[in-house]
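Trainee: Could you take me through one part of this model up close? I'd like to start with a single residue and work outwards from there.

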Amino acid sequence: MLQIRNMQTKDLTQVCEIENSSFSVPWSYKSFEESLANPNVCYVVAYQEDAPEQIVGYCGAYLIGDEADINQVAVVESHRGHGVAKQMLGELM
């Protein structure tokens with residue numbers, strides 16, 4: 001079963017691996033680290049309940065008043081097409 005939780009600094013190595021394999025111009029570790037420190041940014045990660053240390057996706061949004069600007073959504077290739085992004089976006093909202 002898929003689980004969603006807030007992203008933590010300890011997740012950034014895996015998040016950057018997913019980022020690098022998903023985008024031609026990926027964010028750096030430092031960019032994610034700075035975003036996590038911003039109180040107006042919210043990131044979540046997805047993982048399988050039986051493997052909580054293995055991140056399978058992440059997404060984030062800038063929160064501006066009662067609006068959110070989604071800035072990133074990525075899922076490892078093996079988990080694409082299974083609703084991971086939809087579940088993460090639902091959790092963000």
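Mentor: Sure, let's start with R5, which sits in strand β1, residues 2-6. Keep in mind that this is a predicted model. R5 has a relative accessible area of 18%, and since anything under 20% is called buried, R5 makes the cut. Leaving out neighbours within four places in sequence, R5 is in contact with K10, D11, Y43, V44, V45, Y47, P52 and I55.

Pick D11 out of that list, as the side chains of R5 and D11 are joined by a polar contact of 2.8 Å. That pair also qualifies as a salt bridge, at 2.8 Å from N to O. As a general point, side chains of opposite charge can pair when their charged atoms come close. What about the burial of the two partners? D11 has just 3% relative accessibility, so D11 is buried, and R5, at 18%, is buried as well.

How many salt bridges does the count come to? Two. The other one links the side chains of K30 and E34, at 3.5 Å from N to O. Both K30 and E34 belong to helix α2, residues 29-37, and they are four residues apart, about one turn of the helix. The general background is that an α-helix has 3.6 residues a turn, so residues three or four places apart point the same way. For the setting of this pair, K30 is exposed at 53% relative accessibility, while E34 is partly exposed at 47%. Set that beside the R5 and D11 bridge, where R5 is buried and D11 is buried too.

Now back to β1, by way of another helix. Helix α3 covers residues 84-92, and its buried residues are V84, M88 and L92. Looking down the axis of α3, those buried residues fall within an arc of 70°, so they line one face of the helix. What covers them? The cover includes β1, along with β2 (41-48), β3 (51-64) and β4 (67-75). So the strand that holds R5 is also part of the cover over the buried residues of α3.

One last stop is H82, in the loop between β4 and α3. Is H82 buried or exposed? With a relative accessible area of 61%, H82 is exposed. The C-alpha atoms of H82 and L2 are separated by 10 Å, with their positions 80 residues apart along the chain.

Notes. Residues are numbered from 1 along each chain as its sequence is written. Side-chain values use heavy atoms; hydrogens and water are left out. Helices (H or I, at least four residues) and strands (E, at least two) are DSSP runs, numbered from the N terminus. Buried means under 20% relative accessible area, exposed over 50%, partly exposed in between (1.4 Å probe, protein chains only). A polar contact is a pair of N or O atoms within 3.5 Å; within protein, one must be able to donate a hydrogen and the other to accept it, and residues adjacent in sequence count only if both atoms are side-chain atoms. Contact means heavy atoms within 4.5 Å. A salt bridge is a side-chain nitrogen of Lys or Arg within 4 Å of a carboxyl oxygen of Asp or Glu. The arc is that of the directions from the helix axis to the C-beta atoms.
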